[in-house]
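Visitor: Please show me the model, and then I will ask about it.

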Amino acid sequence: MSTVPHLTLNNGVQIPQVGFGVFQIPPQDTKDAVLQAFDVGYRHIDTAQSYRNEEGVGEALRESGLERGDVFVTTKLNNGAHAPEAALEAFDRSLERLGTDYVDLFLIHWPLAMLSDFVDTWKTLEDIYSSGRARAIGVSNFQLAHLSRLQAQTTILPAVNQIEVHPYLTQTALTQFGREHGILVEAWSPLGQGAVLGDPTLGRIARSHDRSVAQVTLRWHVQRGHVVFPKSVTRARVEDNFHIFDFELTDVDLADIDGLNRDERTGPDPDTFDRVPPA
Ligand code: NAD
């Protein structure tokens, strides 16, 4: 079994650098997908209220027989629940669905700066953190301007910023800001939702290490200090994505992969994304 390193968040909490993402896994398939990931060795699950599969994660946690403290669980605030009372209520419902009395990490999923005041929402997350029901709090899809506002107007700095990062979108400015201020970067869609898998440069580097393109891409992330949680329900891929700690990319490989950046998103742009699901 691969040994996954743990990184230390800015409040001292340890997070496994590789996790299992459950975005787009249908609710009825989630329990089995998470149990399979546990069986492969994953101990970090990334879900969200909007994925509508927190119950499946909770069922897997219970059925696995693992100790709650051995699994790192992240969930994220629904876009429709930014108002402080709604955020508190939504958080309580997450705990119920997950069947746990705390999460390891709770995130604001999107800043939605044109629709709500994310500073007020963040203050609610600070209250949740103070209550001990989230071991760490953070944000997702926050741009530099959003992070700077939190820094100026709130007391607790986010432990993480979960953003889209992959070889076609290297996010140099945001990752640099994270390094300077102790905000860990979690890379969502670390494989660009599969878009990078046919890249010839990644293919060449993968052949030179006798590894798959997915492994080389994920290895680039971990050597750049990102947390990753690739998603797949296919066991061979779930295993492939987990076994990335027994080889190392050279500085030249890393620079070649950095050079693939095209500032190309596969998901929405946080500056224009304002999608709130119907109640
Ligand atoms: P991803 O980059 O993990 O790519 C998933 C795609 O790649 C799937 O089609 C899968 O079949 C394929 N794939 C996975 N492993 C493979 C392998 N070894 N070989 C070949 N193909 C492989 O993209 P994602 O699912 O969008 O993102 C991963 C996780 O990031 C999500 O599950 C979720 O937890 C998180 N996420 C967060 C946000 C956010 O706004 N915070 C947005 C999107 C995703």
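Guide: L115 is a place to start: this residue lies in a loop between β6 (105-108) and α4 (118-130). Helices (H or I, at least four residues) and strands (E, at least two) are DSSP runs, numbered from the N terminus. This is a predicted model, where local features need pLDDT of at least 70, side-chain atom pairs count only at pLDDT 80 or more, and totals for chains, interfaces and linings use all residues. Residues are numbered from 1 along each chain as its sequence is written, and side-chain values use heavy atoms, with hydrogens and water left out.

Visitor: Which residues surround the ligand most closely?
Guide: The shell has 27 residues, each with a heavy atom within 4 Å of the ligand. Helix α9 (residues 235-242) gives the largest share of that shell, three residues. The closest are D46, S140, S189, L191 and N241.

Visitor: How much of the ligand does the protein bury?
Guide: Polar contacts are pairs of N or O atoms within 3.5 Å. Ligand oxygen atoms are 2.6 Å from a side-chain N or O atom of D46 and 3.0 Å from one of N141. Taken alone, the ligand exposes 830 Å² (Shrake-Rupley method, 1.4 Å probe). Of that area, the protein buries 88%.

Visitor: Which helices does the salt bridge between D39 and R235 tie together?
Guide: Side chains of opposite charge can pair when their charged atoms come close. A salt bridge is a side-chain nitrogen of Lys or Arg within 4 Å of a carboxyl oxygen of Asp or Glu, and D39 and R235 form one at 3.0 Å, N to O. D39 and R235 lie in different helices, so the pair ties together parts 196 residues apart in sequence: helix α1 (residues 27-40) and helix α9.

How values were computed
Polar contact = N/O pair within 3.5 Å; in protein donor to acceptor, adjacent residues only side chain to side chain.
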